[in-house]
Amino acid sequence: MKILTIVLSCAILVACTRSTADNHGVYMLLDTSGTYSEELKKAEQIIRYTLSRLDATDTFAVARIDTGSFSEKDIVAKVTLDDRPSAMNKQKRLFAQRVQKFVASVRSSRYTDITGGILQGIEFLNEKSPARKTILIFSDLKEDLQEGYVRDIALELDGFNVIALNVTKLRSDNINPREYLERVSDWQSLVEKAGGKWRVINDLDGLEGLF
Amino acid sequence: MNFLLNITPWPAVSALLWIVFAVTAMYLARVTAHQAIRAGARTLSRTFRIAAKMVSKGRHDLDQRNREVLLAAGREAKERIIEREFDRVNETVRTDLANYPKLHRALSESITRIEEDHQQAVDVPPDPPGWVKAVEAVAKIDSSEGRVGIGNVLSDIHKSLVKAHAQSMVSYRHESGKRHALLRRMRPDWRKIQVTLGHVGKNVDSLLDRSVTIDRHMQEYEDIVSGKDHAVSILSSSSLVQFFVSAFVLLVAIGGATINFSLIARPMAEMVGGTGLIGGFRTADIAALVIIMVEISMGLFLMESLRITRLFPVIGALPDKMRIRMVWITFTILFLLACVEAGLAFMREVLLQDELATSALLRGADAAAAEAATLSGEYYWITTAAQMGMGFILPFALVFVAIPLETFVHSLRTVLGMLVNGLLRVLSTTLRLAGNTFRYFGSLFIKIYDLPLFVPLWLQERAERRNGGKKPSYQGVL
């Protein structure tokens, strides 16, 4: 009888599980360097779109890329959505307002530490351990590190999707397109060697395939 | 294969040798082979025929059982109908005939009043006119007395006559007026009697109609009790009709329950969370389903307690006090659940508006515009009220599912019995057919076996003819 009770209790406990197995973690990096900060209005649209696609128990964080991006201080907003619909809607609205405020008041940074941002994103998402992990990089992918910053660290991107968004062409890219292609290709090989999947989306009207 | 054709240098000769060898072997083993084929065919045929007989017996038993179940169900249903009819008769007799003394008194009073009025209204013969006596007096006047004063007398008589006539006319009119008044007073009494008698007649007619219905039901009941085929046939057809009708109503009820489910499943996520899973299903969905199932169960218990359905004999057999208590308890739970559903329906609308506002905001509209786009709708209250109304009414509507459910369960037993009966009939026929087929296949295989042996068989026939019909000696050996 005792054994039966234990078996039944275990069965009930196993049956009553939370569905965190299919949740999604998204970490978005916003490039605030130089003239690219003018593109941040587009980033706000992407953030809103991402918010609209996320569901209960999903995690979303937006961080800026500046001189030294491997820091929690660079996280502009972060949220793990509640499983109650009303609370979730409230969180989404607050998140959108916070991002709006950030975009309105952002100051451009002198340097661009993309690798530090990715490292921070990996750390953040590994800590939250969602079922699917995505890092969005809203940047022209031109890394510009301040002297003294060490970023030749091997990335651990196994199980990560890395999506570069709105990779704009610089003036020098127009003169020599090879620079642009090599820049994108370098990042792709870096990500894929680290075990991640790489994608580039430049047409922001076609965000349906983002997730 | 080549090996077989290489036993001589010539393949054709090798093949011929093999054929001769095979035919000889088959001929020598012919009797045994025939016996084996016959035995095999007979065994299979008998096995199938025995199986067919067993299935047929099973079908017969099932048929008998179905018949008994059908008759029992029909008897029970008919008893209920007759009981109900007698209840109605009893009710009619109790309500109408209980008033009979009062009715009788009212009728007697009315009749007495009419009689009295009628007596008083009798035409009274007028008094003989006073001038008759005057004429007699004139006639008696002797001639000796002369007839001088006759003229005056006649004149007086005439005057008296006119006066008497006038008086009698007045008196007559007065009496006539009184009589008419009396007759007028009789009219409402007549009407009252007419209405009362009409009412009584209607009741008696109703009782007569009911007695005819009871007679008919009693006749059907007797047919069922005596197990007549006609009664079984009627009950079967009635069961089928009930099955399809109740299945249709249950489908409609399932539709209602689905709507109810969609009304409360979404807001349930607010109570139990939107991501929890139980056995692969969302906890919120299961919670909503449980509420609906509890409502249906309460509905069943309510109907049972009211003795409208008879699915749970235990409830029907409860003492009346306990049963009525149960009615109130189930009704209260239902009412509370209906209130909960109405609240959840309201919550659903609120959540919907909230989601719309959030979506609008995420699409790029500012907060105020998003609020305005959703909540300030002039007709917002209509959908909210409609949803709340549905949330409140549907649980009570689902109560009535108990009635078609009971019919469905009862008729399902008969319909399933009929289906299984049909299947067994088909199986029995198939098995019998297979048995016969194997028997004839045995004969066919024997003929097919003999087909390649036509040469030795022809030689055997020739030998038999030569021996005068006797079989060759080797046959006996074999």
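Here are some short exercises, with worked solutions, on a predicted model that has chains A and B.

**Exercise 1.** Work out how chain A is put together: how many helices and strands are there, and in what order do they run?

*Solution.* Start by counting: chain A has six helices and seven strands. Next, read from the N terminus, and you get α-β-β-α-β-β-α-α-β-β-α-α-β. Now look at the contacts between residues at least 6 apart in sequence: 80% of them join residues at least 24 apart. Finally, check burial: 35% of the 211 residues of chain A count as buried.

**Exercise 2.** Find A:Glu39 and decide: is it buried, partly exposed or exposed?

*Solution.* First place the residue: A:Glu39 sits in the loop that links strand E2 (24-31) to helix H2 (40-53) of chain A. Then count C-beta neighbours inside 10 Å, which gives 18. Buried needs 20 or more and exposed needs 12 or fewer, so A:Glu39 with its 18 comes out as partly exposed. Now for the company it keeps. Skip the neighbours within four places in sequence, and A:Glu39 is in contact with A:Asn166 and A:Thr168. A:Val103 is 64 residues away along the chain, yet its C-alpha atom is 9.8 Å from that of A:Glu39.

**Exercise 3.** Describe how helix H3 (residues 30-97) and helix H13 (residues 402-450) of chain B pack.

*Solution.* Begin with the axes: those of H3(B) and H13(B) come within 8 Å and cross at roughly 165 degrees. Angles over 145 count as roughly antiparallel, so that is the label for H3(B) against H13(B). The crossing is left-handed. Sort the residues of this contact by class and you find 23 nonpolar, 13 polar and nine charged.

**Exercise 4.** Test whether the length of helix H14 (residues 454-466) of chain B fits its residue count.

*Solution.* Take the 13 residues at 1.5 Å a residue, and the expected span is 18 Å. The end C-alpha atoms are 18 Å apart, so the two agree. As for cover, H14(B) has hardly any: zero of its 13 residues are buried. Just past this helix, B:Gly468 takes a positive phi of about 75 degrees.

**Exercise 5.** Say which element of chain B gives the most to the side that touches chain A.

*Solution.* Count both sides of the contact: 17 residues come from chain B and 18 from chain A. On the chain B side, the elements giving two or more residues are helix H7 (229-272), strand E1 (276-278) and helix H10 (320-363). H10(B) gives the most, with seven residues. By class, this side has six nonpolar, eight polar and three charged residues.

Notes: Residues are numbered from 1 along each chain as its sequence is written. Chains are lettered from A and ligands numbered from 1 in the order in which they are written. This is a predicted model: local features need pLDDT of at least 70, side-chain atom pairs count only at pLDDT 80 or more; totals for chains, interfaces and linings use all residues. Two residues are in contact if their C-beta atoms, placed from the backbone, lie within 7 Å. Helices (H or I, at least four residues) and strands (E, at least two) are DSSP runs, numbered from the N terminus. Ala, Val, Leu, Ile, Met, Phe, Trp, Tyr, Cys and Pro count as nonpolar, Asp, Glu, Lys and Arg as charged, and the others, Gly among them, as polar. Axes are lines fitted to C-alpha atoms, for helices over the stretch in contact, and angles run from 0 to 180 degrees between N-to-C directions. Angles under 35 degrees count as roughly parallel, over 145 as roughly antiparallel, 65 to 115 as roughly perpendicular and the rest as oblique. A crossing is left-handed if the near helix is turned anticlockwise from the far one by less than a right angle, and right-handed if clockwise. The expected span of a helix is 1.5 Å times one less than its number of residues.
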